[in-house]
Amino acid sequence: MIAGTQTYVFESTNAAFWAEELAREESIPVELVPAPAEADAKCDLAMVTLVRHAPPLEEALGRAGVPFRPWPH
C-alpha cells in the first residue's frame, strides 16, 4: 500500500470493473491494480484511490450495491 492511498478488494472481476465504471461516472480518480496477495481477495484485481477520495467512493459503491472491502481494514 502506498502512503496517502486507500485500496479496495473485490469478490469478483465483474465487481472490480463495475466499481471502476462507477468511480469514473462520479469523476473519482481510481486505478485498477493487482490485488495484494496478503489481502486474501477472491479477485485478482484491486482498486486504489487517494485517501481524500475514499469517502465519496465508498458512498457511491455502497449506493450501487457493489461488493467491496477496504484493505487493510
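**A walk through a small fold**

Let us start at one residue: Asp 40 has a relative accessibility of 67%, so it counts as exposed, since the cut-off for that word is over 50%. Keep in mind that the model you see is predicted. Asp 40 sits in the loop between β2 and β3. Its backbone is worth a look too: phi is near 55 degrees, a positive value in a residue that is not glycine.

Now step back and take in the whole chain. The protein chain has 2 helices and 4 strands. If you follow the protein chain from the N terminus, you meet these elements in the order β-α-β-β-α-β. Along the principal axes, the C-alpha atoms fill a box of roughly 30 × 25 × 20 Å. How does the radius of gyration of the protein chain agree with that of a compact globule? For 73 residues, such a globule would have a radius near 11 Å, and the protein chain has 11 Å, so the two agree.

What about inside and outside? Of the 73 residues in the protein chain, 38% count as buried. The accessible surface comes to about 4300 Å², and carbon and sulfur atoms provide 54% of that area. The protein chain also carries 5 positive and 11 negative charges, and the mean positions of these two groups are 3 Å apart. Contacts tell you how the chain meets itself: among those with a separation of 6 or more, 68% are between residues 24 or more positions apart.

Gln 6 gives a good example of such meetings. You will find Gln 6 in strand β1, which covers residues 5-10. Is Gln 6 buried or exposed? Its relative accessibility is 16%, and because buried means under 20%, Gln 6 counts as buried. Leaving aside neighbours within four places in sequence, the contacts of Gln 6 include Met 47, Val 48, Ala 54 and Trp 71. With Trp 71 there is a polar contact as well: the side chain of Gln 6 reaches the backbone oxygen of Trp 71 at 3.3 Å.

Trp 71 leads us to the end of the chain. The peptide bond from Trp 71 to Pro 72 is cis, with omega near -10 degrees. Pro 72 lies in the segment after β4 (68-71), and Pro 72 is another of the contacts of Gln 6.

Next, return to the loop between β2 (31-34) and β3 (45-50), where Lys 42 has its place. Lys 42 counts as exposed, because its relative accessibility is 67%. Which residues does Lys 42 touch, not counting residues up to four places away in sequence? They are Phe 10 and Glu 11. The side chains of Lys 42 and Glu 11 are joined by a polar contact of 3.4 Å. Lys 42 and Ser 12 are 30 residues apart in sequence, yet their C-alpha atoms are 6.4 Å apart in space.

Two more stops remain. Ser 27 belongs to the loop between α1 (13-25) and β2. Ser 27 is exposed, with a relative accessible area of 63%, and its phi is near 60 degrees, a positive value in a residue other than glycine. Finally, Pro 56 lies in helix α2, residues 54-64. Pro 56 is partly exposed, because its relative accessible area is 38%. From C-alpha to C-alpha, Pro 56 is 11 Å from Leu 22, although 34 residues separate the two in sequence.

Note on methods. Residues numbered from 1 in each chain as written. Predicted model: local features only at pLDDT ≥ 70, side-chain atom pairs only at ≥ 80, totals over all residues. Heavy atoms only, no water. Rg over C-alpha atoms; globule rule 2.2 N^0.38 Å. Buried < 20%, exposed > 50% of the residue type's maximum accessible area, 1.4 Å probe, protein only. Contact = heavy atoms within 4.5 Å. Areas by Shrake-Rupley, 256 points an atom, 1.4 Å probe, with all protein chains shown as cover. Lys, Arg positive; Asp, Glu negative; His and termini not counted. Charge placed at Lys NZ, Arg CZ, Asp CG, Glu CD. Polar contact = N/O pair within 3.5 Å; in protein donor to acceptor, adjacent residues only side chain to side chain.
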